[in-house]
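Thank you all for coming; I would like to walk you through one structure this morning, going from element to element. Please have a look at the sequence and the fold before I start.

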Amino acid sequence: MPRDSARSEWISYLRVSTHEQAERDLSLPAQRHAVEEYAARHGVKIAREYVEAGCSGTSSKRKAFRKMLEDVLRPNSTVGTVVVHHTSRFTRDSTEARLVKQRLRKEGVRVLSVCQETTEDPIGNLIEGIFECIDQYESEVNGMRTSLAMMESIRQGYFPSSWTPYGFRRVKVEIRPGVARWTLEHQEEETKTVRVLFQLYVAGSGAKSVAIQLNERGLLYRRGRPWSTKRVLHVLDEPAVAGTYYWGRWSTKRKTRSHEAEWVPLPVAPIVTPAVHELAMKLRKQREPSQRPGRPVSPANLLAGIVRCGKCGASYQLETSGKRVRGDRYEYRYYNCSKFCRIGGAVCAGYRIPTHVLDQAVLAHLAGIICTPERAEALGRKAHAASADPDKLRRTWAVLLTGGGPISRSYVLHLVDHVEVRENEIRIVARTAAAPAEEVAKESAAL
Ligand SMILES: [Zn+2]
């Protein structure tokens, strides 16, 4: 391939994963030395190096790699050659390798590997592809070995993860000189809070209420952060509090829950008694909204997602009072600050406003924007008979808009950027004063 004369610079990309850091021939200085020597043999100096330390070749979080691509692919870049020590340094994902190299080749940039010199022809491409497949295969086999070693370590009673469930801490154990393992032990302060959390929950409080009560008592979550509904549910759902930690409940790569048969159990000292835990789990099941047939999923509300708290900036959400009227429906529904709802008054005082009040206020405002006499006239000519009275049309729209007529949510979103709510103020930030006439016509035609 002819080299673009403007792209004459050579750069290097060095990478070492946490695992490989220990191995000498893969260390960063060894890679740097090999790459520089290789460049010197070609009579070139490495202009810049991009270094990735402690990052796996299958990770998508490789900052230096992305920065390198960004710099190289810039239109006025002078880089024509990227040198790596070994193809596996570039990436251990063979699909990524093909795609990225193809993209680079299009810009006149080649990737050279010191250890595997190939030719720039079909045979060279084939061989490079084989190297890339081997890199990926090695990575997968390593992953399997690591996983097997981890399972064995758990069977021996050691804790494999760096993240500990709430209520626990890791304690280092030296099993042989220089070889450390971890066990999972109680974290005294946290276990106290876990017990209070369970007591409140089985005594009848919902997860949200438990979070608020814990915060009020000053029993905070880790690092002084307040409890939220989600954090409370997380503790309730953690099997370790009842005496068994399970490794592999989540597949990190796929970010999905893995099958129960794949979980590896690690017995730990329980924090709550079996009776309390069993009761809490029973309640948890009953209170789970999806477990309650007949309760309507919260009806799509007109302004969801565009209302913000005028005090703290958090989004507004539906705040239900728990009062049931007419079967299972709440007669009044309210919007309130989501911080207030999740964490409580200590973070933001919030402001509760009935949904219909806010909906009406926004619609009335929109009617004012949309129903200009000119637009009414224009639309009157377009959608109705030319003789239609624009004044009458305008009044009809205003009624439709403010009277809670079938205004579509997407239509409101089209017009309103966001709404800010405080005690004494509702601020409506419209996207545009020029409302799309066609959509107004569509709305009125649908009636
Ligand atoms: Zn707020």
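**A salt bridge and the strands around it**

I begin with the side chains of R427 and E420, which meet in a salt bridge with an N to O distance of 3.6 Å; by salt bridge I mean a side-chain nitrogen of Lys or Arg within 4 Å of a carboxyl oxygen of Asp or Glu. R427 counts as partly exposed because its relative accessibility is 40%, where buried stands for under 20% relative accessible area, exposed for over 50%, and partly exposed for what lies in between, with a 1.4 Å probe and protein chains only.

Before going further, I should say that this is a predicted model, in which local features need a pLDDT of at least 70 and side-chain atom pairs count only at pLDDT 80 or more, while totals for chains, interfaces and linings use all residues. Residues are numbered from 1 along each chain as its sequence is written, and side-chain values use heavy atoms, with hydrogens and water left out.

Now to the strands. When I number helices and strands, I follow DSSP runs counted from the N terminus, with H or I over at least four residues for a helix and E over at least two for a strand. Strand 15, residues 416-422, is mostly covered, with five of its seven residues buried. Strand 15 pairs with strand 16, residues 425-430, in the antiparallel sense over six bridges, pairing being assigned if DSSP finds at least two bridges between two strands. These two strands form a hairpin with two residues between them, and the bridge partner of V416 is A430 in strand 16. Strand 15 also pairs with strand 11, residues 307-309, this time in the parallel sense and over three bridges, with C309 standing opposite V421.

Let me move to strand 1, residues 9-16, of whose eight residues seven are buried. Which strands does strand 1 pair with in the parallel sense? With strand 2, residues 46-53, the pairing runs over seven bridges, and with strand 3, residues 79-84, it runs over four. To give two examples of partners, I11 is matched with R48 in strand 2, and E9 stands opposite V79 in strand 3.

Back to charged residues, since the structure holds 18 salt bridges. One of them joins the side chains of K192 and E189 at 3.6 Å, N to O, and both residues lie in helix 6, residues 188-202, three residues apart, about one turn of the helix. K192 counts as partly exposed because its relative accessibility is 49%, whereas E189 is exposed, with a relative accessible area of 54%. Salt bridges that share partners also join K67, E70, D71 and R74 into one network. Within that network, the side chains of R74 and E70 meet at 3.7 Å, N to O; R74 is partly exposed at 37% relative accessible area, and E70 is partly exposed at 49%.

Two buried loop residues come next. Why does R92, in the loop between helix 3 (87-90) and helix 4 (94-106), count as buried? It does so because its relative accessibility is 9%. The side chain of R92 reaches the backbone oxygen of D135 at 3.0 Å and makes a polar contact with the side chain of E138 at 3.2 Å. A polar contact here is a pair of N or O atoms within 3.5 Å; within protein, one must be able to donate a hydrogen and the other to accept it, and residues adjacent in sequence count only if both atoms are side-chain atoms.

F159 is found in the loop between helix 5 (122-155) and strand 5 (168-176), and F159 counts as buried because its relative accessibility is 2%. Leaving aside residues up to four places away in sequence, F159 touches T164, P165, R170, W182, T183, L184, Y245 and L266, contact meaning heavy atoms within 4.5 Å. The C-alpha atoms of F159 and T183 are separated by 5.1 Å, although these residues are 24 residues apart along the chain.

I will finish on helix 5, where L126 lies. L126 is exposed, with a relative accessible area of 53%, and together with I123, I127, I130 and I134 it forms a nonpolar patch on the surface with about 450 Å² of accessible area. Such patches are made of residues with over 30% relative accessible area and no salt bridge, like charges being joined within 9 Å and nonpolar side chains (Val, Leu, Ile, Met, Phe, Trp, Tyr) within 5 Å; the areas come from the Shrake-Rupley method with a 1.4 Å probe, and for residues only the protein chains shown count as cover.
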